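I opened my notebook to go through one structure feature by feature. Here is what I looked up, in the order I got to it.

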Amino acid sequence: MKLSTKGRYGLRALIDLALYSENETVSIASISARQNISESYLEQLIAKLRKAGLVTSVRGAGGGYKLAKPASEISVGDILRALEGSLDAVKCPGLEEENSCDGSEFCVTKYVWQKINDSINRTVDEMKLDQLVEESRSMKEEAGIDENTSCCI
């Protein structure tokens with residue numbers, strides 16, 4: 001499985017949003033500046049995340065974006081699926097309910113693909129956004145970097 005820039009940049013944007021939206025909304029421009037991601041691309045990503053119910057927007061002066069729910073309730077899997085769709089590494093017809101594979105009843109490899117898919121999904125679902133925020137803060141602190149300093153998360 002290989003994630004596209006949508007997944008990679010979207011995850012960075014959500015970590016940034018979680019870091020900076022605790023007390024106020026965050027603008028696309030500020031995320032763009034800190035993460036070195038174009039504003040127009042971020043707008044596309046945020047729109048998908050909003051549609052998935054992970055981000056909300058506030059209009060008007062002082063408007064911007066914030067998380068739609070606590071960071072502890074948002075998994076990396078939620079974010080990646082909102083941006084990438086299915087995270088399954090292998091699409092095996094033998095695993096489908098319709099069983100559109102002629103040899104699936106005797107195919108042992110479908111169990112390998114199912115275990116791989118399950119492992120990926122379990123791993124990203126166990127990682128929560130608040131854990132990544134804390135890790136980011138710890139790494140910056142250890143490196144002596146101010147929390148507001150622009151750098152990759």
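My entries below go from aromatic rings to a loop residue, a hairpin and a surface patch.

**Aromatic rings.** A reminder to myself before I start: this is a predicted model. I searched the whole structure for aromatic pairs and got 1 hit. The partners are Tyr9 and Tyr41, arranged edge-to-face, with 5.9 Å from centre to centre and 85° between the planes. I noted that the cut-off for calling a pair edge-to-face is over 60 degrees between the planes, so 85° qualifies. Next I looked up where the two rings come from. Tyr9 belongs to helix H1 (residues 5–20) and Tyr41 to helix H3 (residues 39–51), so the pair ties together parts that are 32 residues apart in sequence. Is Tyr9 buried, partly exposed or exposed? Its relative accessibility is 25%, so I put Tyr9 down as partly exposed.

**A charge over a ring.** I then checked Tyr20. The charged end of Arg34 sits over the ring of Tyr20, at 3.7 Å from the ring centre.

**A loop residue.** Where does Asn36 lie? I found Asn36 in the loop between helix H2 (28–35) and H3. Asn36 has 71% relative accessibility and therefore counts as exposed. Its backbone made me look twice: phi of Asn36 is near 55°, which is positive although the residue is not glycine. For context, most residues other than glycine have a negative phi. I also took one distance across the model: the C-alpha atoms of Asn36 and Arg122 are separated by 30 Å, with these positions 86 residues apart along the chain.

**The hairpin.** How do strands S1 and S2 pair? S1 (residues 55–58) and S2 (residues 64–67) run in the antiparallel sense and share 4 bridges. In this pairing, Val58 stands opposite Gly64 in S2. The two strands form a hairpin with 5 residues between them. In the turn I found Gly60, with a positive phi of about 90°.

**A surface patch.** Which residues make up the nonpolar patch on the surface? I listed Val112, Trp113 and Ile116, which together have about 220 Å² of accessible area. I followed up on Ile116, which is placed in helix H5 (residues 109–126). With 34% relative accessibility, Ile116 counts as partly exposed. Patch members need over 30% relative accessible area, so Ile116 passes that cut-off at 34%.

Notes. Residues numbered from 1 in each chain as written. Predicted model: local features only at pLDDT ≥ 70, side-chain atom pairs only at ≥ 80, totals over all residues. Heavy atoms only, no water. Patch = residues over 30% accessible without salt bridge, like charges linked within 9 Å, V, L, I, M, F, W, Y side chains within 5 Å. Areas by Shrake-Rupley, 256 points an atom, 1.4 Å probe, with all protein chains shown as cover. Salt bridge = Lys/Arg side-chain N within 4 Å of Asp/Glu carboxyl O. Buried < 20%, exposed > 50% of the residue type's maximum accessible area, 1.4 Å probe, protein only. Pairing = 2+ DSSP bridges. Phe/Tyr/Trp six-rings, centres within 6.5 Å; stacked < 30°, edge-to-face > 60°. Lys NZ or Arg CZ within 6 Å of the ring centre and 35° of its normal.
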